[in-house]
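Please work through the exercises below with the sequence and the structure at hand, trying each task before reading its solution.

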Amino acid sequence: MAKRIALLTATFGLLATSMALASGGHRDYGWQLTPTGSQARLRGLSVVSERVVWTSGSLGTVLRTTNKGQSWQSVGPPGTSALQFRDIEAFGRDTAVILAIGPGTDSRVYRTTNGGQTWTLTFQNEDPLAFYDCMTFFDDRRGLALSDPVGGRFRILATKDGGRSWRVVDADMPPALPGEFAFAASGQCIVSTGDILDEHRGHHRGKRKHEHNDVAWFATGGDAVARVFRSRDGGKSWKVYDTPVNSNAGAGIFALAFRDVAHGIAVGGDLATPAASPNALALTRNSGRSWRLVADAPNEYRSSVHWVDDRSAIAVGPTGSDATFDRGRSWEGFDEGSFDTVDCVKHGACWASGELGRVAFLTD
């Protein structure tokens, strides 16, 4: 489908610094662009630390920096220029897993343990009806990937060895709606407790010691209702809940972010009208069982959201960036540049990436 190949683009000047607007006495956020030398659209992003960041996207592109963006290395697998790496999960300076989207054999997973010098193809989809959109990891071994419906139900792929091997899960999955699918826009259509900021682990790349370490959620659109699916057993069984987020053939929820197992944000919108896209941000306080729209939220399409800390979060999209400092109840725009995804580390750094090789770190 067209939404798979390329989402709506916007043209914005590439400035050395993307300046912030006032933040109501909280913080003056802004984006500091770093030169990547790439023209790819970078929808996959994984921040390991303030200095180590991985990003991926179109044209088989994978980029890595180990010096806070002073320089970037192009480290994608050879012979993959036709692939779109829409999601990436990094476990340190040298180890990362990337997901390529697309119909049939275009949906693939690669893994590196030497900073991208070499890659191993660890999964290649052989089902012509499957289309993998995004992935998440609970820790450095257990992960899930999400496919659009096959035979009327969403499909889950799982790994127990850090992405070295994968298997299709025989999941107890509710039926999909006739036009329902997930958006491969920012690598955040499926998230888990491994994506929750936790100061005891620094980031979601280490092993968790937590009673709620098997919870995962994924979000949808494409039909009359945008929905959130939740699993409490590592992806074996799922329940589904309606949301009030606007949904149609090109609209729905594009990204989820949870600050703990109960409190989350859903963002999305309508691809046809990205600058005028109301009812596109909702909150949950009960682990996704119910959602409420936020009145004081950007009425624009946002493709990604991430928590900065326990009170603050950032949402980004092709028409700008917004921040909340009160756990999502109110939002303030602070930048008008185009980004597709954002990722943060606890008490560390936030980065964003997007079209034309744009990658930036957050300043305040």
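**Exercise 1. Find the residue whose side chain meets that of D309 in a salt bridge, and say where the two partners lie.**

Solution. In this predicted model, the partner of D309 is R27, and the N to O distance of their salt bridge is 3.1 Å. The next step is to place both residues along the chain: D309 belongs to the loop between β23 (304-307) and β24 (313-317), while R27 belongs to the loop between β1 (17-18) and β2 (30-34), so that the bridge links distant parts of the chain, 282 residues apart. The last step is to look at accessibility, where buried means under 20% relative accessible area. D309 counts as buried because its relative accessibility is 16%, whereas R27, with a relative accessible area of 29%, is partly exposed.

**Exercise 2. Determine which parts of the chain are linked by the salt bridge of R41 and D340, and decide whether these residues are buried or exposed.**

Solution. Begin with the contact itself, in which the side chains of R41 and D340 meet in a salt bridge of 2.7 Å, N to O. The two residues are 299 residues apart, R41 being in the loop between β2 and β3 and D340 in the loop between β26 (332-335) and β27 (341-344), and the pair thereby links distant parts of the chain. As for accessibility, R41 and D340 are both buried.

**Exercise 3. Explain why the salt bridge of R227 with E180 ties together separate parts of the sequence, and state how accessible each partner is.**

Solution. The closest N and O atoms of R227 and E180 are 2.7 Å apart in this salt bridge. Because R227 lies in strand β17 (residues 227-231) and E180 in the loop between β14 (167-168) and β15 (190-192), the pair ties together parts that are 47 residues apart in sequence. R227 has a relative accessible area of 8% and is therefore buried, and E180 is buried with a relative accessible area of 4%. Beyond this pair, R259, D260, D310 and R327 are joined into one network by salt bridges that share partners. The structure as a whole holds 14 salt bridges.

**Exercise 4. Work out the strand order of the open sheet that contains β3, and identify its edge strands.**

Solution. Four strands make up this open sheet, and reading across it gives the order β3-β4-β5-β6, with antiparallel pairing. The edge strands, each of which pairs on one side only, are β3 (44-47) and β6 (73-74). At the β6 end, strand β5 (residues 62-65) pairs with β6 in the antiparallel sense over two bridges, and within this pairing L63 has S74 of β6 as its bridge partner.

**Exercise 5. Decide how enclosed strand β7 is, and describe its pairing with β8.**

Solution. Seven of the seven residues of β7 are buried, and therefore this strand is largely enclosed by the rest of the structure. Its pairing with strand β8 (residues 96-101) is antiparallel and runs over six bridges, including the one in which A100 of β8 is the bridge partner of F85. Five residues lie between the strands of the hairpin of β7 and β8, and in this hairpin G92 takes a positive phi near 150 degrees.

**Exercise 6. Describe the largest cavity and the largest pocket by their volumes and linings.**

Solution. Take the cavity to start with: the structure holds one cavity of 30 Å³ or more, and the largest cavity contains about 220 Å³ of space. Its lining consists of 26 residues, with Q188, V191, D195, H306 and D343 nearest the centre. Two or more lining residues come from each of β7 (84-90), β11 (132-137), β15, β19 (251-258), β23 and β27. By class, the lining of the largest cavity has 13 nonpolar, eight polar and five charged residues.

Turning to the largest pocket, its space is about 230 Å³. It is lined by 15 residues, of which V308, G348, A349, C350 and D364 are the closest to its centre, and the elements giving two or more residues to this lining are β28 (350-353) and β29 (359-363). The lining of the largest pocket divides into eight nonpolar, two polar and five charged residues.

How values were computed. Residues numbered from 1 in each chain as written. Predicted model: local features only at pLDDT ≥ 70, side-chain atom pairs only at ≥ 80, totals over all residues. Heavy atoms only, no water. Pairing = 2+ DSSP bridges. Salt bridge = Lys/Arg side-chain N within 4 Å of Asp/Glu carboxyl O. Buried < 20%, exposed > 50% of the residue type's maximum accessible area, 1.4 Å probe, protein only. 1 Å grid on protein atoms, 1.4 Å probe; cavity = no way out; pocket = protein on both sides within 12 Å on 5 of 7 lines; lining within 4 Å. Points joined across faces, edges and corners; volume = space filled by probe spheres on them. Nonpolar A, V, L, I, M, F, W, Y, C, P; charged D, E, K, R; others polar.
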